[in-house]
Amino acid sequence: MTEALFRDDATLLECHARVLMADALGVRLDRTVFYPQGGGQAGDTGMLRLSDGRELQVADTRKGAVPGEIVHVLADTGDAAALSPGSTVTAVIDRDRRAAHMRFHTATHLLCALVPHPVNGCSITARYARLDFHMNQPLDRQQLTEGLSRLVAEARPVRHRWIGEDELEANPQLVRSMSVMPPRGQGRIRVLEIEGVDLQPCGGTHVANTADVGDVVVTKVEKKSAMTRRVILGFAESAAG
Ligand SMILES: [Zn+2]
């Protein structure tokens, strides 16, 4: 079991941690700032700095076989030999990649508020994000971009809190996504609230205010199937050049 520090503070870029296990699969730590791929959001990359100053590159982060376990996938699996259980490391994430994930992830919540239909697919990377909506009506790209800009300009606070599973059962409308059901059996569920805009269970990383989403635009709207409309988001700065 790894203590997931990013769940309560997504702004942490590094932490000290103790090695629980290191093998060909990757490194398990007692605590980490690395987000494991899940809920549509890509895993973090970065490095583990050893006490002797050596830096081991982390190519990806995945959930382990055991619930709550987080696996730091090493770029060079041979590096695992440098880590013994009980040794301490400093875990450092790639700041730019995570910042992009946080901006896009928050933007997907804004998009959910603009498109009141169930979500049946989601992917959040450092270069783009896409959401699939279960619907057959057309969507207007320009209109969605304007809606996003308005919600970003309104600078609404983004915060999370933990609720009991019984509270979730009593409020089924909280579950917007058809493909990503909140994890059950852990007694509490993390819900993400964008003040006055969106409220739903989510374990991902987000910016603290919609203003920090910045210039995110809808780059494409696609009809994927009779009942699926796909919306792709990009950064205006990279779309421009
Ligand atoms: Zn989220």
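Two strands are taken to pair if DSSP finds at least two bridges between them. The views below show a predicted model.

**View 1. Strand 14 and strand 15 pair in the predicted model.** Strand 15 covers residues 228-235 and is joined to strand 14 by eight bridges. The two strands run antiparallel. Within this pair, Glu 222 has Arg 230 of strand 15 opposite to it.

**View 2. Four strands make up an open sheet.** The strand order is 9-10-15-14, and the pairing is antiparallel. At the edges lie strand 9 (119-124) and strand 14 (216-225), each of which pairs on one side only. On average, and with direction ignored, neighbouring strands of the sheet are turned by 15° against each other.

**View 3. Helix 1 and helix 2 pack on the open sheet.** Helix 1 touches strand 9, strand 10 (129-134), strand 14 and strand 15. The direction of helix 1 makes about 140° with that of strand 15. Helix 2, formed by residues 141-153, touches strand 14 and strand 15. Its direction makes about 140° with that of strand 14.

**View 4. Four residues coordinate the zinc ion.** The donor atoms are NE2 of His 105, NE2 of His 109, SG of Cys 202 and NE2 of His 206, at 2.0 to 2.1 Å. The angles among these four donor atoms are 98 to 125°, and the site is tetrahedral. Along the sequence, the donor residues follow the spacing H-x3-H-x92-C-x3-H.

**View 5. Helix 1 carries two of the zinc donors, His 105 and His 109.** Helix 1 comprises residues 95-114. His 105 and His 109 are four residues apart in this helix, so about one helical turn separates them. His 105 counts as buried because its relative accessibility is 3%, under the cut-off of 20%. His 109 has a relative accessible area of 2% and is therefore buried.

**View 6. Strand 12 pairs with strand 11 and with strand 13.** Seven bridges connect strand 11 (residues 158-164) with strand 12, and these strands run antiparallel. Opposite Arg 159 stands Glu 193 of strand 12. Strand 12 itself (residues 188-194) is mostly covered, with five of its seven residues buried.

**View 7. Strand 12 and strand 13 form a hairpin.** Four bridges hold the antiparallel strands 12 and 13 together, the latter covering residues 198-201. Val 191 has Pro 201 in strand 13 as its bridge partner. Three residues lie between the two strands, and Gly 196 in the turn has a positive phi of about 75°.

How values were computed
Residues are numbered from 1 along each chain as its sequence is written. This is a predicted model: local features need pLDDT of at least 70, side-chain atom pairs count only at pLDDT 80 or more; totals for chains, interfaces and linings use all residues. Side-chain values use heavy atoms; hydrogens and water are left out. Buried means under 20% relative accessible area, exposed over 50%, partly exposed in between (1.4 Å probe, protein chains only). Donors are N, O and S atoms within 2.8 Å of the metal (3.2 Å for Na, K and Ca); water is not among the atoms, so sites may look incomplete. Four donors count as tetrahedral if all angles lie between 85 and 135 degrees; four count as square planar and six as octahedral if opposite donors are over 155 degrees apart and all others between 65 and 115; anything else is irregular. Axes are lines fitted to C-alpha atoms, for helices over the stretch in contact, and angles run from 0 to 180 degrees between N-to-C directions. Contact means heavy atoms within 4.5 Å.
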